[in-house]
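User: I am new to this structure and would like to understand how the statements about it are reached. Could you take me through the reasoning step by step?

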Amino acid sequence: MSGVRVRAALAESEIAQVLAVVEAAAAADGVAPLSEHAMLALRAGRGGLTVTAEDAGGEALVGYAHLDPASEDESAAGELVVHPAHRRRGHGRTLLRALREEAAGPLRVWAHGDLPAAAKLAGAEGLARVRALFQMRRPAAEPLPEPRIAEGVTVRTFEPGRDEEAWLAVNGRAFAHHPEQGAWTIDDLREREAEGWFDPAGFFMAERDGRLAGFHWTKVHPDGAGEVYVVGVDPDAQGLGLGRALTLVGLRHLREAGADPLMLYVDESNVPAVRLYESLGFVRHAVDVMYGSAAG
Ligand SMILES: CC(C)(COP(=O)(O)OP(=O)(O)OC[C@H]1O[C@@H](n2cnc3c(N)ncnc32)[C@H](O)[C@@H]1OP(=O)(O)O)[C@@H](O)C(=O)NCCC(=O)NCCS
């Protein structure tokens with residue numbers, strides 16, 4: 001019989017056992033089961049849900065779940081993994097139910113890799129596929145066309161202390177239907193400006209008639225990957241090819257800065273954006289699927 005325990009902290013030996021489960025799952029599934037953020041929490045021993053079961057050698061840790069409790073803006077989110085040698089024995093279901101109980105409200109579950117087992121388990125527990133996020137990549141060295149900037153449009157870089165309000169307004173308008181991006185406040189922006197990776201030289205602003213019309217904010221990761229962090233075009237300026245032109249300006253900047261590969265995250269449902277990135281040589285590299293209850 002499996003037993004789930006909710007742990008506020010993990011001992012070194014348990015962290016090692018969970019890491020072994022994670023490693024075995026990654027090898028069997030071809031995709032890491034936990035996000036970077038859940039791995040950071042795990043390595044720091046910040047608790048989680050563990051499931052143990054009888055094994056040949058006695059009681060063994062065979063599964064783990066990470067939970068981010070609900071915050072003011074978002075419902076609780078979880079991730080879970082079962083050791084490949086212990087699957088189809090109900091541990092995944094037990095962990096998922098325990099996560100839902102712990103969440104004490106709507107729960108979103110992130111599954112990495114869009115694996116059939118995850119889809120089946122979520123479905124069996126009444127959770128629906130809410131969204132999927134693609135990570136797309138391309139090598140920096142492949143050809144990149146010249147950006148074609150529309151008549152009357154000029155491109156410059158972000159000026160900290162001066163451009164915040166204009167950027168927030170255009171970001172809000174461009175992402176009016178995507179609140180997790182469009183609802184950013186001055187604090188969200190300032191928090192990122194304070195990050196070590198923030199570089200205004202990689203944050204491009206397109207102006208038309210003296211007003212901000214679109215932007216491309218790039219980010220270079222510590223591992224050298226260059227990300228299309230956020231691209232947005234004001235609805236008034238859409239249709240001029242600004243999205244494509246700004247994307248190219250940023251990609252060329254990333255390549256000149258030595259970043260490789262070039263990468264980005266895009267929602268599966270954002271078909272125009274996926275098409276644009278495909279036309280620029282990006283291919284799907286990984287996918288994360290979010291399952292949730294209809295209410296959550
Ligand atoms: C998804 C995962 C957690 C399932 O763990 P598990 O312990 O094997 O799942 P359970 O034995 O509790 O399965 C419960 C139900 O899910 C469904 N299910 C799970 N794996 C399945 C598979 N490979 N094929 C078909 N259905 C499956 C079935 O309905 C199953 O009930 P049943 O055995 O009575 O038919 C495991 O495969 C895993 O760790 N995958 C990698 C990480 C991941 O994708 N996590 C996200 C989970 S949403």
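User: How far apart are the end C-alpha atoms of residues 4-141, and what makes up the span in helix and strand?

Analyst: In this predicted model, the end C-alpha atoms of residues 4-141 lie 49 Å apart, and the span is 35% helix and 34% strand. According to the UniProt annotation, which belongs to an unreviewed entry, residues 4-141 and 153-296 are covered by "domain: N-acetyltransferase".

User: What makes the pair formed by Val82 and the ligand a polar contact?

Analyst: A backbone N or O atom of Val82 lies 2.7 Å from an oxygen atom of the ligand, and because the cut-off for a pair of N or O atoms is 3.5 Å, this pair counts as a polar contact. The side chain of Arg87 has an N or O atom 3.3 Å from an oxygen atom of the ligand, which is also within 3.5 Å and therefore counts. For Arg93, a polar backbone atom is 2.7 Å from an oxygen atom of the ligand. Taken alone, the ligand exposes 910 Å², and the protein buries 81% of that.

User: Which elements supply at least two residues of the shell around the ligand, and where does the largest share come from?

Analyst: Strand E4 (76-82), helix H3 (91-103), strand E5 (107-112) and helix H4 (116-124) each supply at least two, while the largest share, five residues, comes from H4.

User: Which classes of residue does the shell around the ligand have?

Analyst: The shell has ten nonpolar, three polar and six charged residues.

How values were computed:
Residues numbered from 1 in each chain as written. Predicted model: local features only at pLDDT ≥ 70, side-chain atom pairs only at ≥ 80, totals over all residues. Heavy atoms only, no water. Polar contact = N/O pair within 3.5 Å; in protein donor to acceptor, adjacent residues only side chain to side chain. Areas by Shrake-Rupley, 256 points an atom, 1.4 Å probe, with all protein chains shown as cover. Helix = DSSP H or I, 4+ residues; strand = E, 2+ residues; numbered from the N terminus. Nonpolar A, V, L, I, M, F, W, Y, C, P; charged D, E, K, R; others polar. UniProt positions renumbered as here; feature names shortened; annotations may be inferred.
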